[in-house]
Amino acid sequence: MKRIKGLFVSISLLLMVGGCTSPFTPDFGAMSAKYATLLEQYQINMIFQNIVRAAHTRPLSFLDIPSINGSGSIAVNPSVSGLFNGGAVVTNAAGLNIAGGLSAVTPSLGATVGKSFNFSQSSLDNAVFWKGFLTELPPETVKYFVHNHLPRELIYSLVIDEIVIQSPDGTTQTYINNPMLDTHPEFQRELYSLIKDGLTPQYVVSSQKIGGIVSESKLQKAHGDNYRQTLLKDNLSLVTMSVTPEKTFQIVSTKPEFKLCLKTNRFSNFEKDVSRNDYCQVSPISEDEVNVTNAGGSRLYVKVRSTSNIYAYLGEVVNAQLQEKPYLVSVPPPGLEGDPALVGSTKYAVLVVKKNSEFEGAFAYLDDVLEGNKFVIPMKNNGYSKLSVKTLAEFQTLQKIPGSLTPSPSVLIR
C-alpha cells in the first residue's frame, strides 16, 4: 500500500511540474538573424544572376521579398514510467490484485519546440518599376554616390556610358565604356583625365533670362512699387543693366539643380561659378549638335547610364574576363592607372567572376541551368566586386517606388 501511495504522490508532483513555466523558449533572435542572413545571400545571388543573364543577352527578371511571417510553438508532454518486480500479491481498495510490487516511479517532462517562417516573393517585372529602371540616372542620384568613402573611378566606371568631346571645327571624338571594345583603354584615359580635373555633380543655382530688358517704370506699372518682392515670390530676381537715364533690369529665373562641374576651365560649355571656383556645364551637347561647328573651344558631353545599362556593362565585364584572351577591367586610384605592376591584378578589379573553377568560399554563386555552367564571385581576392554589387543594389532600390511591387504575393513559400 505504501508503494501505491508513492505512485500517486509521484503523479501529483509530475502534474505540478507540468503546470509550471516551460524552460524551453523559442529563440526568436536567432531565428531573425538566420533569416536576415539568408535574405542577404538571396539578394546578392539575384543580382549576380541578372549580371550573368545580361552577359548572355537574356532578359532580366527581378523578385523581391516584401513580407515575412514567423511563428514559434511549444508542446509539453508529461509522462510517468514505473518499474514493477515480482513478489507478493497486493490487493488494492477496489479488491483487485496487482501481481508484483512497484519498486520505482520516474516522472518525466518532454517538450517539442516548433519554428517556422512564411515569406512571399513578389515580381518587380511591371511597367512602373521598369520605367525608372530604364531611365538615365539623374545627376542628383549620381551625387549620392560621389563622396570620399567610395572610389570615384569605380562609380564613374559604373554610371558613365560614353564621353564625347567636340572640337571647335565640329568634329567629335567618342569614347565608349565597353570593355569588349579594343578602344576601352582610351575611354579609361579620358575618364581619369576628367577625374583629375575634378569631375563631380554639384548642387548649384542656375539662372535663365526671362524676356528682354525692362525699365523700372514698366516694372512698377506691372507689379507695383514693391516689384522686387512681388517677383521674388515667383522665384524671379532682377539684374541691374543700367542706371541712367533710367534704371533698366533683366528678369532672371533662378532654379537650384545638380550640374556636372569641373575644377579646370577646359571646355566652352562650362561656365565659372565664382563663389565656388567650379566650372559647371550650362549647355550639354545634344545629339542634334554633333558635328556642328561651334565658335568657342572644345565642348564636353558625358552620357550617363540607366540602372538597366549598368547590368549590361557588368555583363560585358564578365564576358571580357572569361573570353579566350581575358581582359580584366581594373580601376586603380588616380596616379596608379599606368602602373604595370597592376596589369592583370584583381586588387582594383570592377568585378571578378570565375567560371567552372574550384574555389574556397563564395560571395555569390550561380548554377546556371540554361548555360550549363557554374559562376562564382570569390569571397577573397575579388577587388571591388562586393562594392560593385552593393552599389548596384542601391541603384536598384531607388526604383522601388509605390506601385512597383505587386500588392499580393505572386509566390508563397512555406
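This report looks at the nonpolar cores, a surface patch and two contrasting residues.

The model is predicted.

**The cores**

The largest nonpolar core has 63 residues. Val159 and Leu314 have the most contacts inside it. Helix 2, residues 28-55, gives the most to this core. Its share is eight residues.

Leu314 touches residues from several parts of the sequence, leaving aside those up to four places away. Its partners are Ile51, Leu158, Val350, Leu351 and Leu392.

There is also a second, separate core, made of seven residues. Among them are Leu219, Leu231, Leu236 and Phe249.

**The surface patch**

Nonpolar side chains also appear on the surface. Ile213, Val239 and Met241 form a patch there. Together they have about 270 Å² of accessible area. Val239 belongs to strand 7, which covers residues 236-242.

**Two residues set side by side**

| Residue | Place | Relative accessibility |
|---|---|---|
| Val239 | strand 7 (residues 236-242) | 38%, partly exposed |
| Asn269 | loop between strand 8 (248-262) and strand 9 (270-273) | 1%, buried |

Why does Val239 count as partly exposed? Its relative accessibility is 38%, so Val239 falls between the 20% limit for buried and the 50% limit for exposed.

Is Asn269 buried or exposed? Asn269 counts as buried because its relative accessibility is 1%, and buried means under 20%. Asn269 sits in a loop, between strand 8 and strand 9. What lies 2.9 Å from a polar atom of the Asn269 side chain? The backbone oxygen of Leu300 does.

Key:
Residues numbered from 1 in each chain as written. Predicted model: local features only at pLDDT ≥ 70, side-chain atom pairs only at ≥ 80, totals over all residues. Heavy atoms only, no water. Patch = residues over 30% accessible without salt bridge, like charges linked within 9 Å, V, L, I, M, F, W, Y side chains within 5 Å. Areas by Shrake-Rupley, 256 points an atom, 1.4 Å probe, with all protein chains shown as cover. Salt bridge = Lys/Arg side-chain N within 4 Å of Asp/Glu carboxyl O. Helix = DSSP H or I, 4+ residues; strand = E, 2+ residues; numbered from the N terminus. Buried < 20%, exposed > 50% of the residue type's maximum accessible area, 1.4 Å probe, protein only. Polar contact = N/O pair within 3.5 Å; in protein donor to acceptor, adjacent residues only side chain to side chain. Core = buried A, V, L, I, M, F, W, Y, C linked by side-chain atoms within 4.5 Å. Contact = heavy atoms within 4.5 Å.
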